[in-house]
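Colleague: Could you take me through one part of this model at close range? I would enjoy a slow look at a single helix and what surrounds it.

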Amino acid sequence: MRSLFPIFLPLLIAVGSASAATVTLDSTTTGFYHESGIRLFTGGYSAGWCSACQPTGEGRSYLVFDLSGVSSPILSASLRLPVPNIGYLSNDPFETYTLFDISTPISSIIAGNAGLSGYTDLGSGIAYGSLDITGLEQNHVDVILNANGLTYLNSTLGQVAAFGAADTTLAKVTEQEFLFNNSRDLIPQLILTTSDQPQGSDTPEPGTLALFGMGFVALAMLRRR
């Protein structure tokens, strides 16, 4: 009997592509907190340390996304960050940009009154993904979310999701160590790969059923031969 692999391989590929979709979401708001607990500005997703700035100290950011239009399970996700001009300021060979969970009420973070505890929260807790950055010469970088990040996103389907962002390799011995400096006018994106089926649905899609039906027809014809 002829091998069935050449028949079913295209069908399996087609089924896989039919069962997933890509969703791209622009951030609804971003902002920057100083280590004193003051939100210095809205817009931007920079993180780092500056001893020559006013005020001196470390800064961390928050990024917020509206998932109200997402109802299907999220299979993978990445945070796409446009690269600003002179976005990497450090004498070190690399800096690590890390995403964290936010336990502080998002409304308080956005309002700018989260204070010192809010600042601390933006760079501590559960890590959702990280990226070692050696420089920022490309158009954008992608931070891939880990299993904890995917669990979080799937628990907030149809709601608002938020991430804290911090430089987690700060030495604080040079004048400045900053990532994504001058990013206030840029818009980060959350890129999701989702299942086409709504969460909790066990019913195969019509397209998937049709593809498998074609495979069984081909198998029957081959057996008759």
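Modeller: Happy to; here is a walk around helix α4, with a short stop at the disulfide afterwards. Please keep in mind that this is a predicted model.

Helix α4 covers residues 147-155. Let's begin at its N-terminal end, which is capped by asparagine 146. A side-chain oxygen of asparagine 146 sits 3.0 Å from the backbone nitrogen of asparagine 148.

Now for the inward-facing part. The buried residues of α4 are Gly149, Leu150, Tyr152 and Leu153. Looking down the helix axis, you would find these buried residues within an arc of 160°, so they line one face of α4. The general rule behind such a pattern is that an α-helix has 3.6 residues a turn, so residues three or four places apart point the same way. Turn to the other side of α4 and you meet Ala147 and Thr151, which are exposed.

What does the buried face pack against? The buried residues of α4 pack against four strands: β6 (74-82), β9 (127-133), β11 (160-167) and β13 (189-195).

Since you work at the bench, you may also like to see the cysteines. The structure holds one disulfide, and it joins cysteine 50 to cysteine 53, with an S to S distance of 1.9 Å. The torsion about that S-S bond is about 85°, so the disulfide is right-handed. As for its two ends, cysteine 50 counts as buried because its relative accessibility is 3%, whereas cysteine 53 is partly exposed, with a relative accessible area of 31%.

Notes. Residues numbered from 1 in each chain as written. Predicted model: local features only at pLDDT ≥ 70, side-chain atom pairs only at ≥ 80, totals over all residues. Heavy atoms only, no water. Buried < 20%, exposed > 50% of the residue type's maximum accessible area, 1.4 Å probe, protein only. Helix = DSSP H or I, 4+ residues; strand = E, 2+ residues; numbered from the N terminus. Arc of directions from axis to C-beta. Contact = heavy atoms within 4.5 Å. Polar contact = N/O pair within 3.5 Å; in protein donor to acceptor, adjacent residues only side chain to side chain. Disulfide = S-S within 2.5 Å.
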